[in-house]
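Reader: I'd like a close look at one part of this protein, the aromatic residues and what surrounds them. Could you walk me through it in plain language?

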Amino acid sequence: MSQSGGGQGFKCAPAFDAIAQELKINGGKLVPKIRGIFAFEISGGPNGQKGTWIVDAKNGKGSVQFGPGKGEVTLIASDTVMADIFSKKIDAQKAFLQGKLKIKGNMGLALKLKDLQPSSPKSKL
């Protein structure tokens, strides 16, 4: 299982670290339930950087990696919007309807994103 280990300075990086931890703890249960690979293309990072996280919830116990890759579904958003989605300041569906979140690929898989969010009610997302 790989941790994200990258993306320092992105507001949403702690959320991906938390997802990596959640997969480490509960990957055996989550992977058979989700069975998919997510790509997150994030813009507006530190100094205007773009970054990509790949969340594999299909193979083994799952993994999170920072860097190029492809997913069965790609979620595209700014760093601030993705951080707000993960911290539940904004609902992902609302962000999508407002054009703040774009989704390419398997929309059904995108709906399983909530299953990846860490189970602690007040996480550091």
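Author: Sure, and let's start a little off to the side, with a threonine. T74 has a relative accessible area of 13%, so this residue counts as buried. Keep in mind that we're looking at a predicted model here, not an experimental one. T74 sits in strand 4, which runs over residues 73-78. Leaving out residues up to four places away in sequence, T74 touches A39, E41, K102, I103 and K104.

Now for the rings. The structure has eight aromatic pairs. One of them joins F10 and F66, and it's a tilted pair, with 6.2 Å from centre to centre and 55° between the planes. F10 is in the segment before helix 1 (13-34), while F66 belongs to strand 3 (residues 63-66), so this pair ties together parts that are 56 residues apart in sequence. The two partners can be described by their accessibility. F10 comes in at 5% relative accessibility, so F10 is buried. F66 is at 34%, so F66 goes down as partly exposed.

F66 has another ring partner, W53. These two make an edge-to-face pair, 4.7 Å centre to centre and with 65° between the planes. This pair also links distant parts of the chain, since W53 lies in strand 2 (residues 51-57) and F66 in strand 3, 13 residues apart. As for W53 itself, its relative accessibility is 0%, so W53 counts as buried.

Put the ring pairs together and you get a cluster made of F10, F16, F38, F40, W53, F66 and F86.

Some of those names come back when you turn to the nonpolar core. In general, nonpolar side chains in soluble globular proteins tend to be buried together. Here, the largest nonpolar core has 32 residues, and those with the most contacts inside it are F16, F38, F40, W53, V55, M82 and L116. So which elements give two or more residues to this core? They are helix 1, strand 1 (36-43), strand 2, strand 4, helix 2 (79-86) and helix 4 (107-110). Helix 1 gives the most, with eight residues.

That brings us back to where we began: strand 4, the home of T74, is among the elements that give two or more residues to the core. Strand 2, where W53 lies, is another of those elements, and W53 is one of the residues with the most contacts inside the core.

How values were computed
Residues numbered from 1 in each chain as written. Predicted model: local features only at pLDDT ≥ 70, side-chain atom pairs only at ≥ 80, totals over all residues. Heavy atoms only, no water. Phe/Tyr/Trp six-rings, centres within 6.5 Å; stacked < 30°, edge-to-face > 60°. Helix = DSSP H or I, 4+ residues; strand = E, 2+ residues; numbered from the N terminus. Buried < 20%, exposed > 50% of the residue type's maximum accessible area, 1.4 Å probe, protein only. Contact = heavy atoms within 4.5 Å. Core = buried A, V, L, I, M, F, W, Y, C linked by side-chain atoms within 4.5 Å.
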